[in-house]
Amino acid sequence: MTTTAPLRATTPTTVRSFLLGDGEGLDGPLRDHGAAGPLLAPVRGRTPAADRAVEHELASVVDDFLGLDVLDLVAAGWRGHSALQSAARRTRDLPGSEEVVALATHRVTSTHRPYVDVYVDGAKIGTLDVQLNVVFWISGLVCVVRDACLTGVRSGECAVDASLGAQGAVIAERRGGRLDLPGGFALRGPVPLLRDEPNLHEARTAPGISRR
């Protein structure tokens, strides 16, 4: 299991860099926990080189998934926050308006369950189940909402716990990491807060459309 020291990020950070740091891959952790072994057990004529090749391919697929942006994950959690949604509706209905919203201490949990099917000679021999859990502990957050979008974060502290598992075993874990929310979000574009709701202002003013 990989455990790393706290991190303070001022730029968007991927789950990969948060969990593993720079330069470390998943080949070693997958091998150390024997994640591929049970999947390959039914295969006849196995060789150590073939096992390593499969482990490397599995590690590559999971590594691609870890390219998720940590700030995107926490922003996705805020889309469901009632105070931000209320501010988004008010600013949507009054274009050009802006609201500053202070949020109480809260937690955002992002859970993912991807999987990788393993085939040999065209036949499926098993599935690698992956579990990713990222928990954000946020306090002192002050958000800026404009035109139904989160456009900035002026203050706030965020601690992050994350773990990556394969076949039920934890292969990488980091607890107590830190994210600089104002610094990170200063680099990002507006985050829509009402994706599943129509923009009523646009519907009222769209040219060439009459409403009855």
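This tour moves through a predicted model, one selection at a time.

**Before you start**

Residues are numbered from 1 along each chain as its sequence is written, and side-chain values use heavy atoms, with hydrogens and water left out. Because the model is predicted, local features need pLDDT of at least 70 and side-chain atom pairs count only at pLDDT 80 or more, while totals for chains, interfaces and linings use all residues.

**Whole chain**

Show everything as a cartoon. The protein has 8 helices and 9 strands. Helices (H or I, at least four residues) and strands (E, at least two) are DSSP runs, numbered from the N terminus. Of the 212 residues, 38% are buried. Buried means under 20% relative accessible area, exposed means over 50%, and partly exposed lies in between (1.4 Å probe, protein chains only).

Contacts come next; a contact means heavy atoms within 4.5 Å. Take the contacts between residues at least 6 apart in sequence: 71% of them join residues at least 24 apart.

Now colour by pLDDT, the predictor's confidence in each residue, from 0 to 100. The average is 79, and 79% of the residues score at least 70. Select residues 200–212. Their pLDDT is below 50, and the stretch has 7 contacts in the model beyond near neighbours in sequence. Then select residues 1–10. Here pLDDT stays under 50 as well, and the model has 35 contacts beyond four places in sequence.

**The core**

Select Trp78, Leu128, Phe136, Ile138 and Leu164. These residues have the most contacts inside the largest nonpolar core, which has 50 residues. Such a core is a set of buried Ala, Val, Leu, Ile, Met, Phe, Trp, Tyr and Cys residues joined through side-chain atoms within 4.5 Å. Add strand 6, residues 123–146; this strand gives the most to the core, with 9 residues.

Centre on Ile138. Which residues does Ile138 contact, leaving aside neighbours within four places in sequence? The list is Val74, Trp78, Ala104, Thr105, His106, Val108, Glu157, Cys158 and Leu181.

Two of those names lead to helix 5, residues 70–78. The buried residues of helix 5 are Val70, Leu71, Leu73, Val74, Ala75 and Trp78. Look at the N-terminal end of helix 5. Asp69 caps this end, with a side-chain oxygen 2.8 Å from the backbone nitrogen of Leu71.

**Helix 1**

Go to helix 1, residues 15–20, and pick Leu20. Leu20 counts as buried because its relative accessibility is 3%. Not counting residues up to four places away in sequence, Leu20 touches Gly25, Leu26, Leu66 and Ala172. Draw a distance to Leu66: the two C-alpha atoms are separated by 9.8 Å, with their positions 46 residues apart along the chain.

**Strand 6 to strand 7**

Select the loop between strand 6 and strand 7, where Ala148 is found. Its phi is near 65 degrees, a positive value in a residue other than glycine. Ala148 has a relative accessible area of 12%, so it is buried.

Show Cys143 and Cys149. Cys143 is buried at 0% relative accessible area, and Cys149 is buried at 17%. How many disulfides does a search of the whole structure find? The count is 0, where a disulfide is a pair of cysteine sulfur atoms within 2.5 Å.

**Arg154 on strand 7**

Move along strand 7, residues 149–166, to Arg154. Is Arg154 buried or exposed? Arg154 is exposed because its relative accessible area is 52%. Leaving aside neighbours within four places in sequence, its contacts are Glu98, Val100, Val142, Val144 and Pro182. Zoom in on Glu98. The side chains of Arg154 and Glu98 make a polar contact at 3.5 Å. A polar contact is a pair of N or O atoms within 3.5 Å; within protein, one must be able to donate a hydrogen and the other to accept it, and residues adjacent in sequence count only if both atoms are side-chain atoms. Val100 is 54 residues from Arg154 along the chain, and their C-alpha atoms are separated by 9.1 Å.

**The hairpin**

Finish with strand 8, residues 169–179. Strand 7 and strand 8 run antiparallel, joined by 8 bridges; two strands pair if DSSP finds at least two bridges between them. Ala166 has Ala169 in strand 8 as its bridge partner. The hairpin has 2 residues between the strands, and Gln167 takes a positive phi near 55 degrees. Gln167 is not a glycine. With a relative accessible area of 34%, Gln167 is partly exposed.
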